[in-house]
Amino acid sequence: MIYLQLLWVFVKIGVLGFGGGYAMLSLIQHEVVDHYGWMTTTEFADMVAISQMTPGPISINLATYVGYTTAGFGGSLLASFALCLPSVIMVYFILRLFMNKKNNALLTNTLKGLKPAIAGLIFAAGLAMMNLQNFPDFGRGQYNISVTICVLAFVASYFFKANPILLIVISGIIGFFAY
Amino acid sequence: MKKALELFFCFFKIGAFTLGGGYAMLSMVEKAVVDQKKWIPNDEFWDMIAVVQSLPGVFAVNTALYVGHRVAGTKGAFAAMLGAIIPSITIILLLATVFREYRDQPVVERIFKGIRPCVVALILAPSLRMIKSAKVTWKTAIIPIAAVLLIWWLKVSPAYVILTAIAGSLIYALIIRRRETARHETRDGKEDGA
């Protein structure tokens with residue numbers, strides 16, 4: 001049963017995952033955290049951080065981790081392959097169809113139209129992680145370490161395009177000394 | 001078979017050593033596949049990437065599949081895909097066992113308490129950058145705002161939001177195509193008349 005659920009969830013994510021790794025976060029979070037409760041919201045945040053610091057696609061990393069924690073080694077392989085399965089099918093059918101210039105323009109224009117919605121999806125994933133589990137000191141005392149880290153990291157990332165790995169390492173060091 | 005093995009090791013190396021996601025990987029794939037092995041000519045490679053980028057799924061996996069398939073057929077596609085994902089799966093399996101063992105340690109917990117708010121920022125920042133690059137105006141801002149409210153507030157599955165957005169964008173793209181075809185036809189008509 002758990003194998004079927006993993007298969008279904010990750011095939012679905014593979015089919016609907018437009019717009020890269022971050023765009024998939026919202027889909028994965030909804031299924032894995034909200035719907036099935038396979039991961040807590042802090043575990044999800046921790047895995048995103050670990051994925052950032054290790055090589056390889058973030059969605060494959062999450063699939064492997066979720067598969068492993070819910071159904072062991074077999075589950076981790078199943079979840080990862082389920083995520084790739086739609087791509088395998090597409091390589092035979094879609095590529096030939098879209099290498100034609102006219103259809104290619106249709107595809108890229110569709111994706112262009114999809115972009116604002118995908119941005120909203122990613123933003124929603126971030127908002128869903130803004131809770132007391134991830135910001136444990138929120139509303140307690142005058143100094144909010146977690147809010148400060150979040151704001152500074154946001155400014156560094158958005159305005160200065162700071163390296164995400166560096167930001168994670170610095171935040172970890174701050175956490176170590178501050179808590 | 002030799003080519004399939006070469007593809008496997010090529011993508012294995014890329015999968016094991018590139019940090020920073022799909023786009024960081026792309027320049028390494030280009031270097032290996034176009035410059036060094038000369039498996040695919042430069043312009044064909046970038047035409048293919050343009051299509052692959054618009055498709056759903058894991059970008060690195062899609063790229064590996066298409067390059068592998070183009071170079072050595074079905075065998076090549078699977079060899080390249082496995083090469084791209086085996087390093088990630090191995091690393092996460094190793095880390096998962098260690099992480100579950102030690103995540104309740106106070107030291108680890110303190111470090112991750114600092115990291116979690118940073119992760120939230122690292123997700124919010126690219127979404128706003130994407131809104132900027134998609135040239136969202138005050139009028140079209142309704143789309144991302146509606147998506148956020150539906151998912152975050154009303155807890156609608158993002159799957160439905162994506163499906164609706166695809167339907168909308170496809171209609172939009174078809175209208176553009178139709179308008180362009182119509183423009184070509186009138187122009188061709190005039191040329192015939194002259």
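**Exercise 1.** How many helices and how many strands make up the secondary structure of chain B?

*Solution.* Note that this is a predicted model. Count the elements of chain B: there are seven helices and zero strands. Now read along the sequence. The pattern of chain B is α-α-α-α-α-α-α.

**Exercise 2.** Into which domains is chain B divided? State how far apart their C-alpha centres lie.

*Solution.* Take the bounds. Domain 1 of chain B covers 2-102, and domain 2 covers 137-194. Then take the separation. The C-alpha centres of domain 1 and domain 2 of chain B are 31 Å apart.

**Exercise 3.** Set the radius of gyration of chain B against that of a compact globule.

*Solution.* Start with the reference: for a compact globule of 194 residues, expect a radius of gyration near 16 Å. Chain B has 23 Å. Next, look at the box. Along the principal axes, the C-alpha atoms of chain B fill roughly 80 × 55 × 25 Å. Finish with burial and contacts. Of the 194 residues in chain B, 42% are buried. Among contacts in chain B with a separation of 6 or more, 51% join residues 24 or more positions apart.

**Exercise 4.** Which helix of chain A gives the largest share of the side that touches chain B?

*Solution.* Begin with the totals. Chain A brings 92 residues to the contact, and chain B brings 78 residues. Several helices of chain A each supply at least two residues of this side, including helix 1 (2-16), helix 4 (58-98) and helix 7 (164-178). The largest share, 24 residues, comes from helix 5 of chain A. Last, sort the chain A side by type: 60 residues are nonpolar, 29 polar and three charged.

Technical notes:
Residues are numbered from 1 along each chain as its sequence is written. Chains are lettered from A and ligands numbered from 1 in the order in which they are written. This is a predicted model: local features need pLDDT of at least 70, side-chain atom pairs count only at pLDDT 80 or more; totals for chains, interfaces and linings use all residues. Two residues are in contact if their C-beta atoms, placed from the backbone, lie within 7 Å. Helices (H or I, at least four residues) and strands (E, at least two) are DSSP runs, numbered from the N terminus. Ala, Val, Leu, Ile, Met, Phe, Trp, Tyr, Cys and Pro count as nonpolar, Asp, Glu, Lys and Arg as charged, and the others, Gly among them, as polar. Domain bounds come from an automatic or database domain assignment. The radius of gyration is taken over C-alpha atoms; the globule rule is 2.2 Å times the number of residues to the power 0.38. A residue is buried if 20 or more other C-beta atoms lie within 10 Å of its own, exposed if 12 or fewer, and partly exposed in between; C-beta atoms are placed from the backbone.
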